[in-house]
Amino acid sequence: MNYQDLDCWKLSVDLVIDVYKLTSDFPMNEKFNLVSQINRAAVSIPSNIAEGSARQSDKEMIQFLHVALGSAAELETQLIIAKKLGYKVDTNIYDKIVDVKKVILGLVRYLKDKKDK
């Protein structure tokens, strides 16, 4: 399975770009704090999808997809915190995170169904 062909990987890479653009407008004092955490969580999503696809089994791939889902939840939480702190967070970013999570979950279901057949 080539990760670069996976829709969840493509969408999550696009999400990373959007997140980096968003956090570039955050205050400088957050550069090594919240911005760093947000960017790392975003990058973790496609990275785990890629790493999982390099594994030997669908079971391992599913484990890494779950890690990617965890990173998506972490990213969402950090953006909620940023918004509550008064930083400008475009609400469309939340929709993009939801879309990424849906596509990842779809791949998990596909891999589990494939295993059960």
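**Notebook: aromatic pairs and a helix contact**

I started with W9, which is buried, with a relative accessible area of 19%. Buried means under 20% here, so W9 makes the cut. Note to self: this is a predicted model.

**Entry 1: who pairs with W9?**
I searched the whole structure for aromatic pairs, and two turned up. Before writing them down, I reminded myself that a pair of aromatic rings is described by the distance of the centres and the angle of the planes. The partner of W9 is Y3, with 5.3 Å from centre to centre and 70° between the planes. I have that pair down as edge-to-face, because angles over 60 degrees count that way. Is Y3 buried or exposed? I looked it up: Y3 is partly exposed, at a relative accessible area of 27%.

**Entry 2: the other pair.**
Next I looked at F26 and Y87, whose ring centres lie 5.2 Å apart. Their planes make an angle of 40°, and the pair is tilted. Where do these two sit? I found F26 in the loop between helix 1 and helix 2, and Y87 in the loop between helix 3 (58-84) and helix 4 (92-116). The pair therefore ties together parts that are 61 residues apart in sequence. I checked burial too: F26 is buried, with a relative accessible area of 7%, and Y87 is buried as well, with 17%.

**Entry 3: helix 1 against helix 2.**
Then I turned to helix 1 (residues 7-23) and helix 2 (residues 34-53). They pack at an angle of about 170°, and their axes are 9 Å apart. Because angles over 145 degrees count as roughly antiparallel, I wrote helix 1 down as roughly antiparallel to helix 2. The crossing of helix 1 past helix 2 is left-handed.

Which residues make the contact? From helix 1 I noted C8, W9, S12, V13, L15, V16, V19, Y20 and T23. From helix 2 I noted V35, I38, N39, A42, V43, I45, P46, I49 and A50. So W9 shows up again, this time in the helix contact. I sorted the contact residues by type and got 15 nonpolar, three polar and no charged.

**Entry 4: a closer look at T23.**
I picked T23, which is found in helix 1. T23 counts as buried, at 4% relative accessibility. What does T23 touch, leaving aside its neighbours within four places in sequence? I found V35, I38 and N39 in contact with T23. Those three also stand on my list for the helix 2 side of the contact.

Note on methods: Residues are numbered from 1 along each chain as its sequence is written. This is a predicted model: local features need pLDDT of at least 70, side-chain atom pairs count only at pLDDT 80 or more; totals for chains, interfaces and linings use all residues. Side-chain values use heavy atoms; hydrogens and water are left out. Axes are lines fitted to C-alpha atoms, for helices over the stretch in contact, and angles run from 0 to 180 degrees between N-to-C directions. Helices (H or I, at least four residues) and strands (E, at least two) are DSSP runs, numbered from the N terminus. Angles under 35 degrees count as roughly parallel, over 145 as roughly antiparallel, 65 to 115 as roughly perpendicular and the rest as oblique. A crossing is left-handed if the near helix is turned anticlockwise from the far one by less than a right angle, and right-handed if clockwise. Contact means heavy atoms within 4.5 Å. Ala, Val, Leu, Ile, Met, Phe, Trp, Tyr, Cys and Pro count as nonpolar, Asp, Glu, Lys and Arg as charged, and the others, Gly among them, as polar. Rings of Phe, Tyr and Trp (its six-membered ring) pair if their centres lie within 6.5 Å; planes under 30 degrees apart count as stacked, over 60 as edge-to-face and the rest as tilted. Buried means under 20% relative accessible area, exposed over 50%, partly exposed in between (1.4 Å probe, protein chains only).
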